[in-house]
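Biologist: I'd like a close look at a single part of this model, a helix if you can pick one, and some sense of the chain around it. Could you walk me through it?

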Amino acid sequence: MTKNVPLIVIGAGPAGLGAAAEAAGAGVETLLLDEQPGPGGQIYRAIARSDAARRALLGPDYARGAALLPALESGAVDYRPGANIWQITPEREVYFTRDGKAQVLQAARIVLATGAMERPMPFPGWTLPGVMTAGAAQIMLKSAGTVPQGEVVLAGSGPLLLLLASQVLDAGGRVAALVDTTPRGSLMAALPHLPGMLRAPSTLKKGLALLARLRRAGVPHYKGAGDLRARGTEKIEALRFTAGGREYDLPCALLLLHLGVVPNLQITRALGLAHDWDPLPRCWRPRLDSWGNTEHEGIAVAGDGGGIVGAEASEHQGRLAGLQAACQLGKLNPADRDAKAAGIRRALAAQRAARPFLDRLYRPAEAFLDPPDNTLVCRCEEVTAGQIRDFVRLGCLGPNQTKAFGRAGMGPCQGRFCGLTVSEVIARARGAGMEEVGHYRIRPPIKPVTLAELAAMDPDDTGPEGGFDRDDAA
Amino acid sequence: MGDKQGMGETEYAVIGGGLVGLAVAFGLQREGRRVTVFDEGDVAFRASRGNFGLVWVQGKGVAMPDYARWTRLSAALWPDLAAELEAESGLDLELRQPGGFDICLDDEELAAGEARLGALRARLGGDYPFEVMGHNRLRRMLPHIGPKVAGAIYGPEDGHTNPLYLLRALTAAFTRRGGQIVSGPAIQDIAPLGSGFRIGRAPGWRAEKVVLCAGLGNARLAPQVGLDAPVKPNRGQVLICERVKPFLPYPTAQVRQVGEGAVQIGDSKEDVGFDDSTTPRVAAAMAKRAVRIFPMLENVRVVRTWGALRVMSQDGHPVYDRSQTCPGAYLVTCHSGVTLAAGHALRLAPWIAGGEPPVPYLESFSAQRFAVSPAA
Amino acid sequence: MPNDSPFRRLPEAGRRAVTIAFEDRTLPALEGDSVAAAILAAGIATTRHTPVSGAPRGPFCMMGVCFDCLMEIDGEPNRQACMVEVREGMRVRPMMGARGLSEGSADD
């Protein structure tokens with residue numbers, strides 16, 4: 001018999017912690033599942049075991065995550081880390097494996113707070129060992145206490161790149177170069193969105209301070225860089241690129257990439273929910289109402305998984321989803337819900353006002369959206385941009401057809417790291433819009449699951465209705 | 001290649017760009033016809049992209065020996081089709097026909113299988129090869145079977161291929177020979193004209209002949225040209241596991257290892273209407289069965305599950321028909337688009353191109369067989 | 001141990017030192033490290049060679065998304081090294097192409 005739970009929150013980052021705290025505070029029995037070993041998501045990674053020195057190094061934007069922990073520490077929320085969630089059905093069954101044991105729970109409501117992942121930044125050589133995301137280096141800094149050292153090059157565009165560079169310097173490390181791929185003219189293009197940005201002045205101030213910090217430290221800053229190629233055989237040895245009309249070849253032992261973050265949509269996609277293309281940040285987001293409700297009854301999304309909003313706004317969205325869940329579960333009347341939500345909504349609006357400026361300023365350079373033919377776009381199945389273009393010439397209209405023709409998106413990452421690129425490449429090759437091209441149809445399991453774990457979900461040995469196909473396997 | 005249907009003119013309009021449509025279209029183009037395939041967009045109910053990749057003979061046609069004959073003919077023609085497509089596309093279709101096993105977990109299942117195939121053999125005058133193997137004999141050929149496996153039925157003509165490469169190779173070979181694929185919304189309307197047909201809403205395309213290969217879409221299209229295609233969806237689910245080193249040199253009806261090493265597990269059968277999603281319960285039962293057959297798969301990870309809709313006629317057999325009231329309209333529908341691809345491309349298409357019936361029993365596949373007798 | 005890792009460890013208090021076996025080497029690590037972090041900090045860049053082309057790969061995202069850090073951990077192939085925390089005596093090996101199958105239990 002499947003166990004029933006009133007509310008399951010998926011993901012223990014700011015949105016999930018906010019949702020769980022708010023719902024549990026209203027008296028909802030709340031289960032919080034997260035695949036990581038500790039709470040905080042990626043932004044507050046390892047916050048629960050970070051000491052004062054680590055928090056000082058990572059700054060107040062990290063340290064504030066500690067304020068989200070009391071609901072877990074008090075036991076108000078049933079928090080289960082290390083849960084590998086592999087399928088969620090529209091009927092709100094949650095399948096996951098924890099401590100080697102597969103299980104299924106039936107939720108009355110689900111809040112998905114699956115956060116963000118790095119936007120793919122494909123260019124020739126980006127698959128070499130020693131090339132990692134900037135987010136990966138930050139995760140190591142937060143969770144393993146390691147700082148990049150030696151020939152460290154940061155490449156790409158976006159605030160996290162500046163923040164990471166500054167943290168490396170603060171920790172006594174060195175940054176060999178900042179290869180900035182933000183296209184020239186981006187600042188001008190973003191200026192119309194400046195008024196919104198000024199509603200969140202601290203964000204702007206922080207950015208300017210980071211830039212000044214790098215300048216003071218004398219970090220070489222190559223602006224308007226393009227034509228990136230990572231060189232090396234067993235691992236990266238150098239980064240080649242052009243900037244200001246010159247060709248560079250920088251020795252490099254560690255190359256950290258960043259091109260902004262995009263929503264992690266594997267679960268909402270696998271649920272078959274409607275997604276809309278957001279042209280400014282160039283990513284998809286699930287269609288949500290102002291409480292985060294999806295079109296599936298009882299399933300809501302909060303935080304960056306519903307469209308990139310940043311950590312603080314994610315927490316606000318989580319709280320709204322938590323209030324709504326409590327209301328729908330009869331633990332909060334609508335008037336109280338709305339009263340509590342009002343202040344949260346104001347704070348959320350101020351946070352979100354800054355996004356259009358940032359999204360436009362840091363729009364990825366065209367070469368990373370539509371990379372050269374010889375670039376691997378599907379890291380798992382090793383499919384190049386040129387092959388995708390060949391499949392379009394053969395008649396493929398969308399990514400599900402190119403997947404069938406060339407396996408792009410069929411590997412273990414299940415299209416997470418190639419989905420956006422493949423659709424962008426197809427769109428340009430066809431001269432079509434992203435809405436028309438669409439995205440991979442994501443099939444469960446959303447994380448690999450062993451046959452034994454799956455088999456454990458058929459305890460009564462019933463088998464499929466209709467029996468197995470004996471005569472007609474085609 | 002165009003992605004807007006618009007209007008145009010062609011000799012043969014093939015409706016449906018799946019394995020059935022492309023095999024017929026390739027075969028027609030090969031006969032020197034001018035062919036346009038009308039295909040749906042990126043997201044459609046596509047049996048061709050969710051199937052198991054078996055080129056499978058054993059068990060087909062137990063209730064209709066002509067279907068068994070036709071299946072065996074297609075399987076025998078497969079090496080020719082593969083060689084031709086490989087030469088034209090440069091792709092390796094990974095065709096292997098070493099014989100295949102239908103694995104039985106208990107003696108009852110094994111006995112039932114033997115009885116079924118034995119009856120078919122008798123109806124075919126003894127010309128139907130298969131062998132029943134008990135556990136020990138099977139173990140010598142498939143050393144990794146589990147202790148609970150009772151045995152298997154071995155069909156020496158069975159094999160498998162990579163169905164996705166087949167689809168791509170057919171597309172490449174067809175377009176290379178000058179065939180045209182027009183993609184867009186599903187064709188809903190076909191109108192017979194004084195001579196030929198209008199494809200799609202007016203003004204639409206004009207075609208001299210039309211071949212319906214639209215799978216489940218045929219049910220709606222067929223009556224518009226005086227044909228009957230009583231087909232319904234039947235969902236099959238497939239589990240796809242990570243790549244492993246080669247361990248399974250033969251295809252089985254339950255588990256096969258594909259060219260690049262991934263393990264596929266199939267094949268469920270559900271009558272669920274137009275729903276090609278996957279369900280954990282069915283996946284669990286399939287996983288359990290696979291582990292009973294090959295216990296060492298228990299720690300292998302499933303990376304993807306697939307649901308796809310088979311196109312099933314009432315008796316499960318193909319329907320091939322030519323319209324009596326609208327000359328020039330043909331219907332080709334079946335749920336074994338892989339196994340029958342060679343028959344469709346190399347035998348059925350020449351008939352549609354104007355040749356003689358490829359086999360004396362072609363009439364057996366007419367939808368006339370479903371006509372209800374007037375007695376109540 | 002000489003270490004040309006592009007990562008340096010910050011002073012750390014409160015986390016217990018453990019050792020893990022990487023092929024025939026012994027690597028230092030700290031409790032709470034992921035396997036991927038521990039091997040990177042020890043100067044190892046490559047976690048696997050792909051089953052497609054044999055190309056070398058290393059940890060890329062460190063958050064369970066990219067599957068480039070797949071390793072054999074305590075006999076179990078294709079585990080995401082960034083999602084597994086180190087334990088004293090853990091045995092870790094890179095994945096060389098497709099995994100094999102072993103009769104009987106996964107722990108050999």
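**A helix and its chain**

Modeller: Let's start with the chain that holds the helix. Of the contacts in chain A with a separation of 6 or more, 69% are between residues 24 or more positions apart. Keep in mind that this is a predicted model.

Chain A has 19 helices and 23 strands. Its radius of gyration is 23 Å, close to the 23 Å that the globule rule gives for 474 residues, so chain A is as compact as a globular protein of that length. Along the principal axes, the C-alpha trace of chain A spans about 65 × 60 × 40 Å. As for burial, 60% of the 474 residues of chain A count as buried.

Now the helix I'd pick: α17(A), which takes in residues 419-430. The domain assignment of chain A gives domain 3 as 370-437, and that is the stretch to look at in the viewer. At 1.5 Å a residue, the 12 residues of this helix should span 16 Å, and the end C-alpha atoms of α17(A) are 17 Å apart, which agrees.

How much of it is tucked away? Of the 12 residues of α17(A), 9 are buried, so the helix is largely enclosed by the rest of the structure. Here "buried" means that 20 or more other C-beta atoms lie within 10 Å of the residue's own. Going along the helix, the buried residues are G419(A), L420(A), T421(A), V422(A), S423(A), E424(A), V425(A), I426(A) and A427(A). It helps to recall some helix geometry here. An α-helix has 3.6 residues a turn, so residues three or four places apart point the same way. Just after α17(A) comes G431(A), with a positive phi of about 70°.

The other two domains of chain A are worth a glance too. Domain 1 is made of two segments, 3-117 and 262-332, and domain 2 covers 120-259. The contact between them takes 6 residues from domain 1 of chain A and 8 residues from domain 2 of chain A. On the domain 1 side, those residues divide into 3 nonpolar, 1 polar and 2 charged. Measured by eye you'd want a number as well, so here is the computed one: the C-alpha centres of domain 1 and domain 2 of chain A lie 29 Å apart.

Notes
Residues are numbered from 1 along each chain as its sequence is written. Chains are lettered from A and ligands numbered from 1 in the order in which they are written. This is a predicted model: local features need pLDDT of at least 70, side-chain atom pairs count only at pLDDT 80 or more; totals for chains, interfaces and linings use all residues. Helices (H or I, at least four residues) and strands (E, at least two) are DSSP runs, numbered from the N terminus. The radius of gyration is taken over C-alpha atoms; the globule rule is 2.2 Å times the number of residues to the power 0.38. Two residues are in contact if their C-beta atoms, placed from the backbone, lie within 7 Å. Domain bounds come from an automatic or database domain assignment. Ala, Val, Leu, Ile, Met, Phe, Trp, Tyr, Cys and Pro count as nonpolar, Asp, Glu, Lys and Arg as charged, and the others, Gly among them, as polar. The expected span of a helix is 1.5 Å times one less than its number of residues.
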